[in-house]
Amino acid sequence: MTGEEMAVVTVRRGEDLGGLLRKMKIEVDGDVVAKLEQGSSIDLNIQPGRHVFRAKLDWQASAALEIHVAAESKIVLEISSGEYAQTFDGAFRRPDASLEIFQVSPNES
């Protein structure tokens, strides 16, 4: 890299309701970078700049979460298959936005 340090984005998956035995895929800028089981997490080294994060489980997905990642920052994201994903509406009418992804902590360093 040209003098800029990588940032660390921690993605955590809680003990969610859906996908009991399945791994949730984590995408950054359209590329799958990890697959998380319930209760697991991963630290991703990310280049500074704008990035789009998304979670996917089978045919369901989260809405895209665009965040600006500053050099040397530490960011925490949470993903889950919550109650909405278990409803008819979430599972079949709006599966492309039925999973949850949100930023918990910017913790810029």
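## Working through the strands, core and salt bridges

Glu 27 has a relative accessibility of 12% and therefore counts as buried. Here buried means under 20% relative accessible area, exposed means over 50%, and partly exposed lies in between (1.4 Å probe, protein chains only).

Before you start: this is a predicted model, in which local features need pLDDT of at least 70 and side-chain atom pairs count only at pLDDT 80 or more, while totals for chains, interfaces and linings use all residues. Residues are numbered from 1 along each chain as its sequence is written, and side-chain values use heavy atoms, with hydrogens and water left out.

**Exercise 1.** Find the salt-bridge partner of Glu 27, and say where the two residues sit.

*Solution.* Start with the rule: a salt bridge is a side-chain nitrogen of Lys or Arg within 4 Å of a carboxyl oxygen of Asp or Glu. Glu 27 meets this rule with Lys 56, their closest N and O atoms being 3.3 Å apart. Next, place them: Lys 56 is in strand 5 and Glu 27 in strand 2, 29 residues apart, so the pair links distant parts of the chain. (Helices, H or I with at least four residues, and strands, E with at least two, are DSSP runs numbered from the N terminus.) Finally, look at exposure: Lys 56 is partly exposed, because its relative accessibility is 28%.

**Exercise 2.** How many salt bridges does a search of the whole structure find? Describe the one made by Arg 22.

*Solution.* The search gives four. One of them joins the side chains of Arg 22 and Asp 58, at 2.5 Å from N to O. Arg 22 lies in the loop between strand 1 and strand 2, and Asp 58 in the loop between strand 5 and strand 6, 36 residues away. As for exposure, Arg 22 is partly exposed at 39%, and Asp 58 is partly exposed at 49%.

**Exercise 3.** Is strand 1 largely enclosed or largely open, and why? Then name the strands that pair with strand 1.

*Solution.* First, count the buried residues: five of the seven in strand 1 are buried, so the rest of the structure largely encloses this strand. Now turn to pairing, which requires DSSP to find at least two bridges between two strands. Strand 4 pairs with strand 1 in the antiparallel sense, over six bridges; in this pairing Ala 7 has Ile 46 as its bridge partner. Strand 8 runs parallel to strand 1 and is joined to it by six bridges, with Arg 12 opposite Glu 78.

**Exercise 4.** Which residues touch the most other members of the largest nonpolar core?

*Solution.* A nonpolar core is a set of buried Ala, Val, Leu, Ile, Met, Phe, Trp, Tyr and Cys residues joined through side-chain atoms within 4.5 Å. This core has 21 residues, and those with the most such neighbours are Val 9, Val 11, Phe 53, Ile 67, Val 69, Leu 77 and Ile 79. Strands that each supply at least two core residues include strand 1 (7–13), strand 5 (49–57) and strand 8 (74–80). Take Ile 67 as an example, with contact meaning heavy atoms within 4.5 Å. Beyond its neighbours within four places in sequence, Ile 67 is in contact with several residues, among them Phe 53, Ile 75 and Leu 77.

**Exercise 5.** Is Ser 62 buried or exposed?

*Solution.* Locate Ser 62 in the loop between strand 6 (60–61) and strand 7. Its relative accessible area is 0%, so Ser 62 is buried.
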